[in-house]
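Grab a coffee and have the viewer open. Below are a few short exercises, each with a worked solution.

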Amino acid sequence: METPVKYMCVLVFLMSMTIAGLNGVEGTANYYGPCGKHDIQKEAEKLEPCTYAAQHWRVPVSERCCTLMEKKVKNPACLCAVLYSQTAYNAGVRPEIAVTIPKRCNIADRPVGYHCGDFTLP
């Protein structure tokens with residue numbers, strides 16, 4: 001009597017895994033956003049030293065902002081998501097100005113021509 005119960009449990013488990021697989025249950029590979037496991041809002045908060053430069057065209061960009069931006073341009077999709085985040089919006093960041101910061105920092109390996117929403121990284 002005990003053996004059929006074990007087989008039945010195994011069978012139910014295998015069937016449930018098969019049904020889940022057929023219904024398109026995906027792994028975590030497609031779960032993460034453009035910043036990977038990092039929360040976009042928290043990534044936006046890290047760029048706080050760039051806020052003033054992202055609001056005004058002619059403001060010199062701080063060295064701290066350029067250091068942070070140098071790290072962010074390695075993942076332009078994340079940078080773009082950060083510039084369009086609710087946190088950036090609430091801080092008054094203007095994406096059309098913010099996309100110019102990598103150039104204003106003279107970052108050599110910036111993603112020139114990358115489309116970020118309505119704007120292109122210069």
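A residue counts as buried when its relative accessible area is under 20%, and as exposed when that value is over 50%. Keep in mind that this is a predicted model.

**Exercise 1. Work out whether cysteine 35 is buried or exposed, then follow its disulfide.**

Step 1: Cysteine 35 has a relative accessible area of 6%, so it falls under the 20% cut-off and is buried.

Step 2: Look for its partner. Cysteine 35 forms a disulfide with cysteine 78, with the two sulfur atoms 1.9 Å apart.

Step 3: Check the twist. The angle about the S-S bond is 95°, which makes the link of cysteine 35 and cysteine 78 right-handed.

Step 4: Place both ends. Cysteine 35 sits in the loop between α1 (2–22) and α2, while cysteine 78 is in helix α4, so this pair links distant parts of the chain, 43 residues apart.

Step 5: Test the partner too. Cysteine 78 is buried because its relative accessibility is 6%.

**Exercise 2. Find how many disulfides there are, and trace the links of cysteine 50 and cysteine 66.**

Step 1: The count comes to four disulfides. Numbering the bonded cysteines along the chain gives the pattern 1-5, 2-3, 4-7, 6-8.

Step 2: Cysteine 50 is joined to cysteine 65, S to S 2.0 Å. At 115° about the S-S bond, that link is right-handed.

Step 3: Cysteine 50 is in the loop between α2 and α3 and cysteine 65 is in helix α3, so the bond ties together parts 15 residues apart in sequence. Cysteine 50 counts as buried at 4% relative accessibility, and cysteine 65 counts as buried at 0%.

Step 4: Now cysteine 66, which a disulfide joins to cysteine 105, S to S 2.1 Å. Here the angle about the S-S bond is -85°, and the link is left-handed.

Step 5: Cysteine 66 lies in helix α3 and cysteine 105 in the loop between α7 (101–104) and β1 (115–116), so parts 39 residues apart in sequence are tied together. Cysteine 66 is buried at 16% relative accessibility, and cysteine 105 is buried at 14%.

**Exercise 3. Say which residues touch the most other members of the largest nonpolar core.**

Step 1: The core has 26 residues, and Val61, Met69 and Ile101 touch the most other members.

Step 2: Ask which helices feed it. α3 (63–72) and α4 (76–83) each supply at least two residues of this core, and α4 gives the most, with five.

Step 3: Zoom in on methionine 69. Leaving out residues up to four places away in sequence, it touches Cys50, Leu79, Ile101, Pro102 and Ile107.

**Exercise 4. Describe the largest pocket and its lining.**

Step 1: The volume of the largest pocket is about 170 Å³.

Step 2: It is lined by 16 residues, and the closest to its centre are Ala44, Leu47, Thr51, Ala88 and Val93.

Step 3: α2 (40–46), α4 and α5 (86–90) are the elements that give two or more residues to this lining.

Step 4: Sort the lining by chemistry. You get 12 nonpolar residues, two polar and two charged.

**Exercise 5. Decide whether glutamine 55 is buried or exposed, and list what it touches.**

Step 1: Glutamine 55 is in the loop between α2 and α3.

Step 2: Its relative accessibility is 19%, so glutamine 55 counts as buried.

Step 3: Not counting residues up to four places away in sequence, glutamine 55 touches Ala91, Gly92, Val93, Arg94 and Ile97.

Note on methods: Residues numbered from 1 in each chain as written. Predicted model: local features only at pLDDT ≥ 70, side-chain atom pairs only at ≥ 80, totals over all residues. Heavy atoms only, no water. Core = buried A, V, L, I, M, F, W, Y, C linked by side-chain atoms within 4.5 Å. Buried < 20%, exposed > 50% of the residue type's maximum accessible area, 1.4 Å probe, protein only. Helix = DSSP H or I, 4+ residues; strand = E, 2+ residues; numbered from the N terminus. Contact = heavy atoms within 4.5 Å. 1 Å grid on protein atoms, 1.4 Å probe; cavity = no way out; pocket = protein on both sides within 12 Å on 5 of 7 lines; lining within 4 Å. Points joined across faces, edges and corners; volume = space filled by probe spheres on them. Nonpolar A, V, L, I, M, F, W, Y, C, P; charged D, E, K, R; others polar. Disulfide = S-S within 2.5 Å.
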